[in-house]
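Reader: I've got this one open in the viewer and would like to talk it through with you. Shall we take it piece by piece?

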Amino acid sequence: MGIETEYGITASTAAGQRAMSPDEIARLLFRPVVAKYSSSNIFAANASRLYLDVGSHPEIATAECDSLSQLIAYERAGDRMVDSMARQAEDTLAAEGEERAVYLFKNNVDSAGNSYGCHENYLISRHVVLKDLGQALLPFMITRQLICGAGMIQKSAGDEPARFVLSQRADQVWEGVSSATTRSRPIINTRDEPHGDSKRFRRMHVIVGDSSMAEPTVALKVGSTLLMLEMLEAGFDVPQFAVQDPIHHIREIALDPTGSTRLPLVDGSTATALEVQQALCAAAQRWLEHREDAGTPTAEMARVVDLWQRMLTAIESQDFSGVDREIDWVIKRSLLERYRARLGGEWAHPKLAQIDLTYHDIRPGRGLFSVLEQRGMVKRWIDDASIEAAVDNPPQTTRAKLRGEFLAAARQLDAAVTVDWTRMKVNRPEPMTEEFSDPFVSEDQRLDGLLDYMRSHHGV
């Protein structure tokens, strides 16, 4: 599994300074990368992919991870990597006589309403029909925002006043399951890019989720989805909710923190969004008794289910004190409500919009979420040591380990190489390529052959 995070970008403008466009800031950010690698699309030392995406968004796709805590460490490591680039860009500007602050935001909507994503990738069996799996997942996916949305202030539009909504991405998706990505964003993208043995694997690409700041929110977002996939692939008894036109209801759910949005079912009955989540969470609790203790330990999945249950209890009772340091939309709404009371009660107040945005600033000590975390007002799922280790080192239990070792040797020897998710190629003197199609293999003698070839032709 892996997470792709696109970051919003801007820079401060002092009196007398010309405003920098996002494209200018992004190019400045990637200037050292391009100078070193002649490309703005590289694999970093920790085997994650770093690149400049369409729309001037820095993006990091984590290396392949095989457990939840490992994934969270690499997702958070991505924040530190791009923040380091932003600091270097600030130093460059200062050296050129322009003092500016460079801001990177881990959110999903900019001030002009443009959306950028946080995409989740899950490896599933080729024997599973992705469209059928996607349809079975849709009731879970449209209601998942209740338990792990990032929350945001939605601007006034027409007769609708500004208001707080649970999810930043809910208003940006228009299909359930399809191959589209930007023109008509679906919840699940069916483009067939397994990044592995296509006879064994498929990649399920989820593009409806919000970027998460709080580690427990990431854990619940990804962990609950993993549990759903495990149950469906195993043929476990999972409650079925055949929702009529599910995508039609995703925006209604985003507006209702009580989870009471009624979803019409094909059989003529209805279920609320909260009831859907409660039934699926109860199934996940039962699944833990049957689950093979592999990948993410079952003990950690039990932590996920516990948080899932506590969040649903909070929604039902509307007493969020049991989760108000773990779930992004709850943390943010509580903060905004306190300021809204002081500012006259209008969600449209510009100060609230500033707080909303600053929550997602990834700079430690400057971003509002970071300040809350440093003050112990946000709970952790992992520790700083795990994140620090993930910045420069690849995961040791997946194919990413092979890629990291290959890249480390190539950069030490200044060898010309080409790398993607599955292939590693030494370009000179004669091309030598190996394909590693099993994401779960972390030791392979073929890598030794590539490294020996690289070393024996050092300087050629």
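**Sites, spaces and a helix**

Author: Leaving aside neighbours within four places in sequence, D53 is in contact with E6 and E59. Keep in mind that we're looking at a predicted model.

Reader: OK, and which feature does UniProt place at D53?

Author: D53 is found in strand β4. The UniProt entry, which is unreviewed, marks D53 as "active site".

Reader: Which residues does UniProt list for "binding site"?

Author: This again comes from an unreviewed entry. The listed residues span 56 residues in sequence, yet no two of their C-alpha atoms are more than 10.7 Å apart, so they gather at one spot. The names in the record are E4, Y51 and E59.

Reader: Let's stay with Y51. Is Y51 buried or exposed?

Author: Y51 is found in strand β4, residues 49-53. Not counting residues up to four places away in sequence, Y51 touches E4, F30, S40, N41, H57, P58, E59 and A61. Its relative accessible area is 7%, and the cut-off for buried is under 20%, so Y51 counts as buried.

Reader: On to empty space. How many cavities of 30 Å³ or more does a search of the whole structure find?

Author: The largest cavity has a volume of about 100 Å³. About 30 Å³ lies in the second largest cavity. The search of the whole structure gives a count of 2.

Reader: How many charged residues are in the lining of the largest cavity?

Author: The lining is made of M141, R144, Q145, C148, G149, S167, A170, V208, G209, D210, K221 and I250. By class, 5 of these are nonpolar and 4 are polar. The charged ones number 3.

Reader: And which element gives the most to the lining of the second largest cavity?

Author: I3, T5, Y7, I60, T62, Y74, E75 and G78 line the second largest cavity. Two elements give two or more residues to that lining, β1 (2-6) and α2 (68-95). With 3 residues, the top contributor is α2.

Reader: While we're in α2, is R76 buried or exposed?

Author: R76 has its place in helix α2. Leaving aside its neighbours within four places in sequence, R76 is in contact with K106, M213, E215, E373 and I387. The relative accessible area of R76 is 11%, and under 20% is called buried, so R76 is buried.

Reader: Now the pockets. Which element supplies the largest share of the lining of the second largest pocket?

Author: This pocket has a volume of about 810 Å³. Of its 34 lining residues, the closest to the centre are V109, D110, S111, A112 and K155. At least two residues each come from β2 (8-11), β8 (152-154) and α10 (350-358). The largest share, 4 residues, is from α10.

Reader: How many residues of that pocket lining, the second largest pocket's, are charged?

Author: The lining divides into 15 nonpolar and 15 polar residues, plus a charged group. The charged residues come to 4.

Reader: How far does α9 reach from its first C-alpha to its last?

Author: Helix α9 covers residues 328-342, 15 residues in all. At 1.5 Å a residue the expected span is 21 Å, and the model comes close to that. From first C-alpha to last, α9 reaches 22 Å.

Reader: What residue with a positive phi follows α9?

Author: The buried residues of α9 include W329, L335 and R340. After the helix comes a residue with a phi near 105°. That residue is G344.

Reader: Two loop residues to finish. Is S442 buried or exposed?

Author: S442 lies in the loop between β17 (432-435) and α14 (445-456). Not counting residues up to four places away in sequence, S442 touches Q396, T397, T398, K401 and L402. With a relative accessible area of 16%, under the 20% limit, S442 is buried.

Reader: And what separation do the C-alpha atoms of A416 and A314 have?

Author: A416 sits in the loop between α13 (400-413) and β15 (417-419), and A416 is partly exposed at 22% relative accessible area. Leaving aside neighbours within four places in sequence, A416 is in contact with K425, V426, N427 and R428. A314 is 102 residues apart from A416 along the chain, and their C-alpha atoms are separated by 55 Å.

Definitions and conventions:
Residues numbered from 1 in each chain as written. Predicted model: local features only at pLDDT ≥ 70, side-chain atom pairs only at ≥ 80, totals over all residues. Heavy atoms only, no water. 1 Å grid on protein atoms, 1.4 Å probe; cavity = no way out; pocket = protein on both sides within 12 Å on 5 of 7 lines; lining within 4 Å. Points joined across faces, edges and corners; volume = space filled by probe spheres on them. Nonpolar A, V, L, I, M, F, W, Y, C, P; charged D, E, K, R; others polar. Expected span 1.5 Å × (residues − 1). Buried < 20%, exposed > 50% of the residue type's maximum accessible area, 1.4 Å probe, protein only. UniProt positions renumbered as here; feature names shortened; annotations may be inferred. Contact = heavy atoms within 4.5 Å.
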